[in-house]
Amino acid sequence: MTITHRLSLPALAVILIASAIAAVTFGPADITPGEVWSVIAHHLGILPESPVSRLRDAIVWELRLPRVLTALGVGAGLALSGAVMQALTRNPLADPFLLGLSSGAALGAVSFLLLGLTLLMPLGAFFGSLGALALALLIAQLLGGATPSRAILAGICIAALASAATSFLIFWSATGDSYREILSWLMGSLSGSIWSDAGLVYLALAACLPIILANGRALDAFAFGDTAAASLGIDVPRLRWTLLGATALLTGIMVAIGGAIGFVGLVVPHAVRLAVGSAHRKLLPHVMLAGAIFMLWTDTAARTLFDPRELPVGIITALIGAPVFLAVLLRYRRIT
Amino acid sequence: MSLTVTALSVEKSGTAILSDVGFSAPAGRITGLIGPNGAGKSTLLSALLGLVPAQGSIAFEGNDLPRMRRRDRARLLALVEQSTATEERLSVHDVVTLGRIPHEAAWQAEPNPEDEGIIAQALADTGTTGFTARRFTTLSGGEQQRVHVARALAQQPRLLLLDEPTSHLDIRAQLQLLALLRQKAGAGMTILVALHDLNLAARFCDHLVVLANGRLAAQGSPAEILTPELLRSVYGVSARLVSDTANGRPLIVYDEAIAEGDAQIPD
């Protein structure tokens, strides 16, 4: 057991790197792993003369690499957010999408876009997800305590409201191509990801990862509830708001870049828990890497399955996620 | 040195839950916290743990508990709740390891050999060594409660608080748990346990603290304070007290509930 656990993290890291290289080679233009290396080496200044043609270089460096890196980061961020929310709210169904954070973030992002604050759109998404989170917890409290089912019901309510408001804004202002583009983004899509998108994703991860990973052990203390955590010396309110703030930031940025990609925060942590257990210092790094790999492959499927048309990746994650949601529901049917 | 609580008051949204409660729990003894539902037993334990804002002073072994840092306080006192479940996939070993959290270094990834020794001892003390590797959720209620006690013991507390730990246990498990508490008290641990069952309290506690309506109704040894008058005024029941010839402890025989108007509950 311990040997497999010690090797599981490096193994995931190897799978992640191999997947990333493989994913760059997938697509309408056939590109070999060797060419991928050459392009990367050339742009990093290791290889002065690139053997790869200009066009193929651009496909790798301008299109596929930023997209692959964005997918990895978005997957890691969404999966981590889900795992943290599940622990903090003791709610196995917690997921940024199901609790309405993604819809809130989408509303915030679209509002800022239409106000002309294009550059500040990620900030709008963050405010939106933070607002949705606060509202979800408030509604659950009003219902008499944030039990899993109440939190989900509150999330449904917020998601419905935020989606309606978003649709209204789009209906009111967007036309033609931009309409279709925004709709595709709303369904969750990483198409058109550029280097700055990847940069923003990794900036958010860099800001939130240390906070989340440093509190992995404290999250374990929540296994038996707030009182038990407090009796183990945890400052429960402070930790809760710090970590929920971090997940709202992560979700907001991920939605600003990739739209409302659902269920990643549900599917990945549950699958990983089955393999490595619930201890968070072990769980969180695994969730992060597995989330990145999951997002990468679903996004690769999204852009290649129906080539030349591209599916919003949110459709694929929902196709996988909804049955998992049902399975989790059946597994935990005792809780309400 | 003992636990000394002086003039403790707790308010929740304007209503007094505890008013001016003062008592002491002798060191290395089991003190039973008794009183009817709503008397404030759980709130008192929460206040000792620093979970609810309280006025008054709580001193234990020279420490001013409310002013201590959370982590230091968690090394000094541990709590066993009535019954707490989890949905997490945790082994019994994982659960007991939680007790080491207040002692762990910030980035400690695994329990170190010293931790493992303490965890093994806590498992042995509670008779749970046999299911170290089992998933916590597969245990029976009584077994889960023993694991919770093991978790609390792994905290190496000087003061152990238990909130009605026997309420979901069968009689054998209740006796086992209280015998374990006896043994721990014998080893110098101060124990404060909220109990519903007055006969268990009379049998196992050295000292009793009686709460009624958020106030201290009485404190002293079971033989001193368990009287028909107290049971009438605090619990609203008529009862007789007989002496258990085997150990000289008082034994309560309940007769009937007193009609609402006749019960004189101190205010």
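**Sheets of chain B and its interface with chain A**

In this predicted model, β1(B) and β2(B) make a hairpin with two residues between the strands, and S13(B), in the turn, has a positive phi of about 40 degrees. The two strands of the hairpin run antiparallel and are joined by seven bridges. Within this pairing, E11(B) sits opposite A16(B) in β2(B). There is a second backbone oddity in this part of chain B: A7(B) has a positive phi of about 50 degrees, even though it is not a glycine. A7(B) belongs to strand β1 of chain B. For context, most residues other than glycine have a negative phi.

The hairpin is part of an open sheet of four strands in chain B, with the order β2-β1-β4-β5 and antiparallel pairing. The edges are taken by β2 (15-25) and β5 (63-64) of chain B; each has a single partner strand, so one side of each is left without a neighbour in the sheet. Moving inward from β2(B), β1(B) pairs with β4(B) in the antiparallel sense over five bridges. T6(B) has S57(B) in β4(B) as its bridge partner. At the other end of the sheet, strand β4 (residues 55-60) of chain B is joined to β5(B) by two bridges, again running antiparallel. Here A59(B) stands opposite D64(B) in β5(B). As for helices, α1 (residues 41-48) of chain B lies across β1 (3-12), β2 and β4 of chain B, and runs at about 110 degrees to β1(B).

Chain B has another open sheet, this one with six strands in the order β6-β7-β8-β3-β9-β10 and with mixed pairing. Its edge strands are β6 (77-80) and β10 (215-220) of chain B, each of which pairs on one side only. From one strand to the next, the twist averages 15 degrees. Strands β7 (residues 159-163) and β8 (residues 190-194) of chain B pair in the parallel sense, with five bridges between them. D163(B) finds its bridge partner in A194(B), which belongs to β8(B). Helix α5 (residues 141-154) of chain B packs on this sheet and touches β6 and β7 of chain B, its direction making about 170 degrees with that of β6(B). Helix α9 (residues 228-235) of chain B also packs on the sheet, where it touches β3 (30-34), β9 (207-212) and β10 of chain B; the angle between its direction and that of β9(B) is about 35 degrees.

Turning to the interface, 28 residues of chain A are in contact with 30 residues of chain B. Between them the two chains bury about 2500 Å², with 56% of it on carbon and sulfur atoms. A trio of residues stands out on the chain A side: R217(A), F224(A) and L232(A) supply 29% of the area that chain A buries against chain B, more than any other three residues. The count of residue pairs in polar contact between chain A and chain B comes to six. There are also four salt bridges across the interface of chain A and chain B. In one salt bridge, the side chains of D235(A) and R70(B) meet at 3.6 Å, N to O.

Which parts of chain A make up the side that touches chain B? Helices α8 (195-214), α9 (216-220), α10 (226-231), α12 (264-276) and α13 (280-304) of chain A each supply at least two residues of it. The most comes from α10(A), which gives four residues to that side. By type, the residues of the side of chain A that touches chain B divide into 14 nonpolar, six polar and eight charged.

Over all chains, a search of the whole structure turns up 17 salt bridges. A salt bridge within chain A brings together the side chains of R67(A) and D299(A), at 2.8 Å, N to O. R67(A) lies in helix α3 (residues 54-88) of chain A and D299(A) in helix α13 of chain A, so this pair ties together parts that are 232 residues apart in sequence.

One last backbone feature is found in chain A, where a cis peptide bond joins D307(A) and P308(A), with omega at about 10 degrees. P308(A) lies in the loop between α13 and α14 (313-331) of chain A. Most peptide bonds are trans.

Key. Residues are numbered from 1 along each chain as its sequence is written. Chains are lettered from A and ligands numbered from 1 in the order in which they are written. This is a predicted model: local features need pLDDT of at least 70, side-chain atom pairs count only at pLDDT 80 or more; totals for chains, interfaces and linings use all residues. Side-chain values use heavy atoms; hydrogens and water are left out. Two strands pair if DSSP finds at least two bridges between them. Contact means heavy atoms within 4.5 Å. Axes are lines fitted to C-alpha atoms, for helices over the stretch in contact, and angles run from 0 to 180 degrees between N-to-C directions. Buried area is the accessible area (1.4 Å probe) that two parts lose on being put together, summed over both. A polar contact is a pair of N or O atoms within 3.5 Å; within protein, one must be able to donate a hydrogen and the other to accept it, and residues adjacent in sequence count only if both atoms are side-chain atoms. Ala, Val, Leu, Ile, Met, Phe, Trp, Tyr, Cys and Pro count as nonpolar, Asp, Glu, Lys and Arg as charged, and the others, Gly among them, as polar.
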